[in-house]
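Let's take a walk through a protein structure together, one step at a time. Have the picture ready and turn it as you read.

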Amino acid sequence: MKIDRLIGILSILLQRETVTAPELAEQFEVSRRTINRDIEDLCRAGIPLVTRQGVNGGISIMENYRLERTLLTNGEMRDILAGLRSLDSVNGTNRYGQLMEKLSAGASDFMTGDQSVLIDLSAWYKDSLVPKIELIREGIDRARRCEFLYFSPRGESRRRIEPYYLIFRWSSWYVWGWCEEKEDFRLFKLNRMDGLRLSPDDFERRNVPFPDLGEEKIFPGGIRVKALFDPSCKWRLVEDFGAGCFEVQEDGRLLFHADYTNREELLIWLLTFRDKVELLEPENVREELKGTLRKVLEIYQ
């Protein structure tokens, strides 16, 4: 894309004293004439570029514009590169990495070997997730509605939404959009979608509020949990809730206390510890857990 190439050329000029048109043409795999047109466009955009003929000639930014070379520091460029490469981990391509290699051309310390931050946003469901992300991105770019079957704790339903944001949060991907059924903005988890497709009709974009992604908003909590865990569970508790979520008792067991968000998920979470935990509070959830365990025992007897 032309805009990518213009940004890349500007980035190179900010990092190097002089670069020749043939070098830029080879770097971006276009003709020299195209590079000349790009230089003219950058000049029209207000970037003061000069060209010099001869052995040491080439294209450069005017001397009095040198302060703008600090537009992006090396650390900032590496952070941008890490972020863009993380998107490649989702869609299975290298297009963002290739773009950043062009942006970082001429500065060897921006290259892969010197990256200290590596981000992988892929998931176990990568094969089914990637097509959904690409389809939703197309819907956002082209203002096309998305239609899908959605599975939630309340059951399944057909949904039709106007997509506005793709969001990665809480180790999962979501789409934020206007739901026609609820007549309001809603957050939908991509892994709970099936049969996703784009509607052929366009929609008129709304004034979209940015989603409130605070945990207290999405996961309102309200379940005060108190439980005793075997010492062998310490690493799980620290990983899930942090080192301050329990107190070591005289017998070595861990007295756990936390605010949980969902009753059903709490039961499932406790069962993953098998016989290494005893739920103390709340009493009604304790009784429900006992009933669940009795039913499980009946199945296996």
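A good place to begin is Phe185, which is found in strand 6. Keep in mind that you are looking at a predicted model. Is Phe185 buried or exposed? Its relative accessible area is 12%, and since the cut-off for buried is under 20%, Phe185 counts as buried.

What surrounds this side chain? Leaving aside neighbours within four places in sequence, Phe185 is in contact with Tyr164, Trp176, Gly177, Trp178, Arg206, Asn207, Val208 and Pro209. You can also look for Pro211: this residue is 26 residues away from Phe185 along the chain, yet the C-alpha atoms of the two are separated by 8.4 Å.

Two of those contacts, Trp178 and Arg206, deserve a second look. Arg206 lies over the face of Trp178, at 4.0 Å from the ring centre.

Now step back to the sheet. In general, strands of a sheet pair through backbone hydrogen bonds, either parallel or antiparallel. Here five strands form an open sheet, in the order 6-5-4-3-7, with antiparallel pairing. Which strands stand at the edges? They are strand 6 (184-189) and strand 7 (193-202). Each has a single partner strand, so one side of each is left without a neighbour in the sheet. From one strand to the next, the twist averages 45°.

Follow strand 7 to its partner. Strand 3, residues 144-152, runs antiparallel to strand 7, and five bridges join the two. To see this pairing residue by residue, find Glu147, which stands opposite Arg197 in strand 7.

Next, turn to the aromatic rings. How many aromatic pairs does a search of the whole structure find? The search gives 18. One of them joins Tyr164 and Phe203: the ring centres are 5.6 Å apart and the planes meet at 70°, so this pair is edge-to-face. The pair links distant parts of the chain, as Tyr164 belongs to strand 4 (residues 155-169) and Phe203 to the loop between strand 7 and helix 7 (215-218), 39 residues apart. Both Tyr164 and Phe203 are buried. Tyr164 also brings us back to our starting point, being one of the residues in contact with Phe185.

Finally, move further along the chain. Phe229, Phe241, Phe256, Tyr260, Trp269 and Phe273 form one aromatic cluster. Look closely at Phe273, where the charged end of Arg236 sits over the ring, 4.0 Å from its centre.

Conventions:
Residues are numbered from 1 along each chain as its sequence is written. This is a predicted model: local features need pLDDT of at least 70, side-chain atom pairs count only at pLDDT 80 or more; totals for chains, interfaces and linings use all residues. Side-chain values use heavy atoms; hydrogens and water are left out. Two strands pair if DSSP finds at least two bridges between them. Helices (H or I, at least four residues) and strands (E, at least two) are DSSP runs, numbered from the N terminus. Axes are lines fitted to C-alpha atoms, for helices over the stretch in contact, and angles run from 0 to 180 degrees between N-to-C directions. Buried means under 20% relative accessible area, exposed over 50%, partly exposed in between (1.4 Å probe, protein chains only). Contact means heavy atoms within 4.5 Å. Rings of Phe, Tyr and Trp (its six-membered ring) pair if their centres lie within 6.5 Å; planes under 30 degrees apart count as stacked, over 60 as edge-to-face and the rest as tilted. A charge sits over a ring if NZ of Lys or CZ of Arg is within 6 Å of the ring centre and within 35 degrees of the ring normal.
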